[in-house]
Amino acid sequence: MSRLAELRTNIARIRDEIEEASLAAGRDVHSIRLMAVSKTHPYEEMALLAEIGQLLFGENRVQEAEGKLAPKEGRTMQVNLIGHLQSNKARKAVSLFDRIDSVDSLRLARRLASLAPAPYPILLEVNTSAEASKHGFDSEDDLFFALDEIALMPNLIIQGLMTLGPLGGTESAIRRSFSHLRSIFERVEQRFCLEHFDELSMGMSGDFRLAILEGSTCVRIGSAIFGERR
Ligand SMILES: *Cc1c(COP(=O)(O)O)cnc(C)c1O
């Protein structure tokens, strides 16, 4: 089988699984977008996916993305940053990525607000599994405190929230983490008047069905599309 045929098969299988999960959740399948997480994979793989209509990608490192992506202007793909961003790479990141899905501190938001072209879309990352190794706002209080200020930054558009489920957690721990993000999302909606707040990015290859049951609008899939990362 050619690589293109292989990728096509994998995407079709995942789309079927997304549809099954959305039916089980009583949700419209069109409310869930599939992001192909292309970190560690060469640009050629992304181009093959683009050929079959997969145009949304996630990358986790500025340096790697810089080495393989065409400039944002004139690119047909949408590429979002989903990994931790250091302040000193923020300028490069906003010029390279269509959205930063991993804004995990007030400090980073301030930095982005000072240099992003307006209007620039972001997601706020929440650490819902209390794992110290993870990035993201650690609690709803921390998030709300930051939002009091970020919501007023005129050139940042807060489009939603992002989280990672506990790695190697039980099914119930993973679901708890996703439902926690969803309830935070609902309280942010009530408390802050955000015009474009509708993205709940959660779910990866191993847990995207659970994420869809808990309301995910964007699943971030790497290994189930490309195969295991080396
Ligand atoms: C790598 C990565 C993914 C995809 O992981 P897979 O298990 O390969 O699907 C999703 N989200 C983030 C933030 C990642 O770093």
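In this predicted model, T40 is placed in the loop that runs between β1 (33-37) and α2 (43-51). The backbone of T40 has a phi near 70°, which is a positive value in a residue other than glycine. A further backbone feature is found at the peptide bond joining A118 and P119, which is cis, with omega at about -10°. P119 belongs to the loop between α5 (106-115) and β5 (120-125).

The largest pocket holds about 430 Å³ of space, and of the 20 residues that line this pocket, those closest to its centre are K39, I82, L164, M204 and R220. Sorted by class, the lining of the largest pocket comprises six nonpolar, nine polar and five charged residues.

The ligand sits in this largest pocket, where the residues around the ligand are V37, K39, I82, M204, S205, R220, I221, G222, S223 and R229. The shell formed by these residues divides into four nonpolar, three polar and three charged members. K39, I82, M204 and R220 appear both in the shell around the ligand and among the lining residues closest to the centre of the largest pocket.

Several side chains of the shell place polar atoms opposite polar atoms of the ligand. For S205, an N or O atom of the side chain is 2.5 Å from an oxygen atom of the ligand, while for K39 a polar side-chain atom lies 2.7 Å from a ligand oxygen atom. In the case of R220, the partner on the ligand is a nitrogen atom, which is 2.9 Å from an N or O atom in the side chain of this residue. Of the 390 Å² of accessible area that the ligand has on its own, 90% is covered by the protein.

Terms used: Residues are numbered from 1 along each chain as its sequence is written. This is a predicted model: local features need pLDDT of at least 70, side-chain atom pairs count only at pLDDT 80 or more; totals for chains, interfaces and linings use all residues. Side-chain values use heavy atoms; hydrogens and water are left out. A residue is near a molecule or strand if one of its heavy atoms lies within 4 Å of it. A polar contact is a pair of N or O atoms within 3.5 Å; within protein, one must be able to donate a hydrogen and the other to accept it, and residues adjacent in sequence count only if both atoms are side-chain atoms. Accessible areas come from the Shrake-Rupley method with a 1.4 Å probe; for residues, only the protein chains shown count as cover. On a 1 Å grid over the protein atoms alone, a cavity is a set of points where a 1.4 Å probe fits but cannot get out, and a pocket is an open set with protein on both sides within 12 Å along at least five of seven lines; lining residues have an atom within 4 Å of a point. A molecule sits in a cavity or pocket if more than half of its atoms lie within 2 Å of its grid points. Ala, Val, Leu, Ile, Met, Phe, Trp, Tyr, Cys and Pro count as nonpolar, Asp, Glu, Lys and Arg as charged, and the others, Gly among them, as polar. Grid points are joined across faces, edges and corners, and a volume is the space filled by probe spheres set on the points. Helices (H or I, at least four residues) and strands (E, at least two) are DSSP runs, numbered from the N terminus.
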